[in-house]
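Please go through the model shown here. The questions that follow deal with ring contacts, helix packing and the exposure of single residues.

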Amino acid sequence: MAFFHIDRHRSKEVAQNIFGEKFDGVLIADGYAAYNGVNPEARQSCLAHLIRKAKEVKKEIMLRQEQFHDPWAIDFCDQIVALFKEACTIAKRVNSCHSQWQKAGEYKRKLYRQLKAI
């Protein structure tokens with residue numbers, strides 16, 4: 001479920017008013033500090049933000065002189081982007097078709113194996 005709330009303020013009090021101090025679910029959000037006022041059972045960074053951050057890190061590496069380009073770091077960023085894009089694609093597939101829910105555990109194991117390999 002996605003929830004959007006427009007408020008004059010961007011404080012932790014606004015987040016607490018929406019979710020409560022002890023949110024009983026998984027909070028998927030960007031790194032905005034106001035969410036630190038909500039203590040969810042589980043927290044996950046938005047994959048789109050993680051993809052963007054990995055691309056930014058790679059861009060920063062590439063701005064350095066070529067002798068300082070770390071091929072392992074560049075490869076890590078590329079692999080993270082690919083993995084998280086695949087995770088987003090799988091999520092769309094699973095959410096669009098009820099029969100795909102049966103494969104969710106298989107997809108999860110595959111993504112974890114890929115993450116461990118990285």
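Q: Over the ring of which residue does the charged end of arginine 10 sit?
A: This is a predicted model, in which local features need pLDDT of at least 70, side-chain atom pairs count only at pLDDT 80 or more, and totals for chains, interfaces and linings use all residues. Residues are numbered from 1 along each chain as its sequence is written, and side-chain values use heavy atoms, with hydrogens and water left out. A charge sits over a ring if NZ of Lys or CZ of Arg is within 6 Å of the ring centre and within 35 degrees of the ring normal. The charged end of arginine 10 lies 4.1 Å from the centre of such a ring, that of tyrosine 32.

Q: How many aromatic pairs does a search of the whole structure find?
A: Rings of Phe, Tyr and Trp (its six-membered ring) pair if their centres lie within 6.5 Å; planes under 30 degrees apart count as stacked, over 60 as edge-to-face and the rest as tilted. With the whole structure searched, the number of aromatic pairs is two.

Q: What is the angle between the planes of phenylalanine 19 and phenylalanine 23?
A: A pair of aromatic rings is described by the distance of the centres and the angle of the planes. The rings of phenylalanine 19 and phenylalanine 23 are 5.1 Å apart, centre to centre. Their pair is edge-to-face, with the planes at 70 degrees.

Q: Which residue forms an aromatic pair with tyrosine 32?
A: Tyrosine 32 counts as partly exposed because its relative accessibility is 29% (buried means under 20% relative accessible area, exposed over 50%, partly exposed in between; 1.4 Å probe, protein chains only). Its partner is also a tyrosine, in an edge-to-face pair with 6.3 Å centre to centre and 80 degrees between the planes. That partner is tyrosine 35.

Q: Are helices α3 and α4 roughly parallel or roughly antiparallel to each other?
A: Helix α3 covers residues 71-96 and helix α4 residues 104-117 (helices, H or I with at least four residues, are DSSP runs numbered from the N terminus). They pack at an angle of about 175 degrees with their axes 11 Å apart; axes are lines fitted to C-alpha atoms over the stretch in contact, and angles run from 0 to 180 degrees between N-to-C directions. Angles under 35 degrees count as roughly parallel, over 145 as roughly antiparallel, 65 to 115 as roughly perpendicular and the rest as oblique. The two helices are therefore roughly antiparallel.

Q: How many charged residues does the contact of α3 with α4 have?
A: Contact means heavy atoms within 4.5 Å. Residues of α3 including Glu86 and Arg93 meet residues of α4 including Lys110. By class (Ala, Val, Leu, Ile, Met, Phe, Trp, Tyr, Cys and Pro count as nonpolar, Asp, Glu, Lys and Arg as charged, and the others, Gly among them, as polar), the contact has eight nonpolar and one polar residue, and the number of charged residues is three.

Q: Is glutamine 16 buried or exposed?
A: Glutamine 16 lies in helix α1, residues 12-19. Neighbours within four places in sequence left aside, glutamine 16 is in contact with Glu21, Gly37 and Val38. With a relative accessible area of 19%, glutamine 16 is buried.

Q: What separates the C-alpha atoms of serine 96 and alanine 33?
A: Serine 96 is in helix α3 and counts as exposed at 61% relative accessibility. Serine 96 and alanine 33 are 63 residues apart along the chain, and their C-alpha atoms are separated by 32 Å.
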